[in-house]
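Visitor: I've got a structure to look at and would like a quick tour. Can you take me round?

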Amino acid sequence: MATTTFGKPLPAELRQAQEQLEHYARQYGLDFFPTIFELVDYDQMNAIAAYGGFPKRYPHWRFGMEYERLSKSYRYGLHKIYEMVINNDPCYAYLLQSNTFTDHKMVMAHVFGHCDFFKNNEWFRHTNRKMMDEMANHGNRIRRYMDRFGVEEVETFIDACLSIENLIDIHSPFIKRRSDPAPRPQSATEEEEPPPQPGRFQAKSYMEPYINPPEVLRAEQERLRQKHTEERFPEKPQRDVMLFLLEHAPLKAWQLDVLAIIREEAYYFAPQAQTKIMNEGWATYWHTTIMTRHGLTPEEVISYADHTAGTLASSPGRLNPYKLGLELFRDIEDRWNRGRFGPEYEACDDWEARRNWNTEAGLGRQKIFEVRRIHNDITFIDEFLTPEFVHEHKLFAFRYNEDTHFYEIESREFKKVKKRLLFQLTNLGRPVIEVVDGNFKNRGELFLEHQYNGVPLDLKGAQDTLVNLHKLWKRPVHIQTVVDDRLCVLSYDGSEHRMNKGKQKIPKESDEWE
């Protein structure tokens, strides 16, 4: 992988363009952290993209694999990364130096939209604004562990942690579900000391037999062991599986630190996945607004239009977040400019009257800034997707036909289209899995539960994840899910997988709109 971590500073012409575009962006009301642009070549850009947008991360084989995939894709002309921008204070953005001057201006205007969204959207409020430094620190800590304990051992442990990095509670930064956890060690630099013996008091060596009689210590250990085996924990199902493992898994100090690093980074990236449609739509809205009104010369129009059209193009089987987000923001602005909201408008059932409704309210720009501040993709779609929007943009729901072996249009009905969109976005499209019992059958085994919503788990992936969970928990692990419409418990004890199917069928999810 490329070893260069930072690109070149902008030449004078691009610095001047940046200042002009930043001036226009702030005139429109965008508010963002200072933004630092750097030029990189395609090799450096692919390396940064492989690292998730950061110039430095911890060492791991998956980053190299992603770099090779991106590099081949670029060489074969299958993709081109125009920019990378980091949620940080200051914001860092990387421009591909082979881009044209028009592309650079378009990308800078786009970046200012992203930076405004990062700073002002509520779902980013709890993210670390110094993550550039934090990522570098994470890399240094893990490199020290590799030097001390061996590359293979640390990398294998990271593999196990990464297999559960999506088992977090993405809403926990905003909802206090439990008391604060006990503090964890920040770094494991010293040899680990054995924990103090339960019931033992500090004493001089000559007083040890009298202050801490061996039979009393043994009795206290047995009492605590019996109490532990009788307890069921957690008291309530816990969605943050990684936190549960941090607090209860029998891991060494360096392993706890590595697990905490993976978890911290998972929470940092979660808001970006929660707001992908809004974030890209907002940035595209502003780059189209600024460029078409202020940023283009006559000879640049064709190039700009061609590249923007490519960005907004739809492809079979994929939802384009740039297109959907942009069009929804434009629709919201138009509706609030024309007063197409409120009880009177909603009560109107005349299609022609609704289409021509215009009270000249002029609140569109104010409304989209409000939406940008408080919503994520789920609430954005739920609140502002309308039957008129679905009809105008020809949205539809599709389903795989097992008889013809083709994907076919299932429905153009608004309720089904909206339901399918929300279903795809809920929990970032991932299964909801909770820790139900950390002392299953009083054996210290881990029991998880999949909140079944009509979509079964991938059995091969579930079994592989159980193997990695066993590496972390050191005891048998189980997960309850639904297989072939029946409750089923998948188990792994360190040597073999088992599947225990129930007899009662689970009713299939209704297609009716709730």
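Visitor: What do the buried residues of helix 5 pack against?
Guide: First, this is a predicted model: local features need pLDDT of at least 70, side-chain atom pairs count only at pLDDT 80 or more, and totals for chains, interfaces and linings use all residues. Residues are numbered from 1 along each chain as its sequence is written, and side-chain values use heavy atoms, leaving out hydrogens and water. Helices (H or I, at least four residues) and strands (E, at least two) are DSSP runs numbered from the N terminus, and contact means heavy atoms within 4.5 Å. On that footing, the buried residues of helix 5 pack against strand 2, strand 3, helix 6 (151-162) and helix 10 (253-274).

Visitor: Which residues of helix 5 are buried?
Guide: Buried means under 20% relative accessible area, exposed over 50%, and partly exposed in between (1.4 Å probe, protein chains only). An α-helix has 3.6 residues a turn, so residues three or four places apart point the same way. For helix 5 the buried set is Met 131, Met 132, Glu 134, Met 135, His 138, Gly 139, Arg 141, Ile 142, Tyr 145 and Met 146.

Visitor: How far apart are the end C-alpha atoms of helix 5?
Guide: The expected span of a helix is 1.5 Å times one less than its number of residues. Helix 5 (residues 131-149) has 19 residues, so it should span 27 Å, and the model agrees: its end C-alpha atoms are 26 Å apart.

Visitor: And which residue with positive phi follows helix 5?
Guide: Its phi is near 105 degrees. The residue is Gly 150.

Visitor: Is strand 2 covered on one face or both?
Guide: In a regular strand the side chains alternate between the two faces of the sheet. In strand 2 (residues 83-86), Glu 83 and Val 85 lie on one side, Met 84 and Ile 86 on the other, and all are buried. The answer is both.

Visitor: What is the bridge partner of Ile 86 in strand 3?
Guide: Two strands pair if DSSP finds at least two bridges between them. Strand 2 and strand 3 (residues 91-96) run antiparallel and are joined by 4 bridges, forming a hairpin with 4 residues between them. The partner of Ile 86 is Tyr 92.

Visitor: Which peptide bond is cis, with omega near 5 degrees?
Guide: Look in the loop between strand 2 and strand 3, where Pro 90 sits. The cis bond runs from Asp 89 to Pro 90.

Visitor: What is the phi of Leu 428?
Guide: Leu 428 is in the loop between helix 19 (414-425) and strand 6 (433-440). It counts as partly exposed because its relative accessibility is 21%. Its phi is positive, though it isn't a glycine: near 60 degrees.

Visitor: Which non-glycine residue has a positive phi of about 55 degrees?
Guide: Try the loop between strand 6 and strand 7 (445-450). The residue there is partly exposed, with a relative accessible area of 46%. That's Asn 442.

Visitor: With which side chain does the side chain of Ser 491 make a polar contact?
Guide: Ser 491 is in strand 9 (residues 486-492), and at 6% relative accessibility it counts as buried. A polar contact is a pair of N or O atoms within 3.5 Å; within protein, one must be able to donate a hydrogen and the other to accept it, and residues adjacent in sequence count only if both atoms are side-chain atoms. At 2.6 Å, the partner is His 478.
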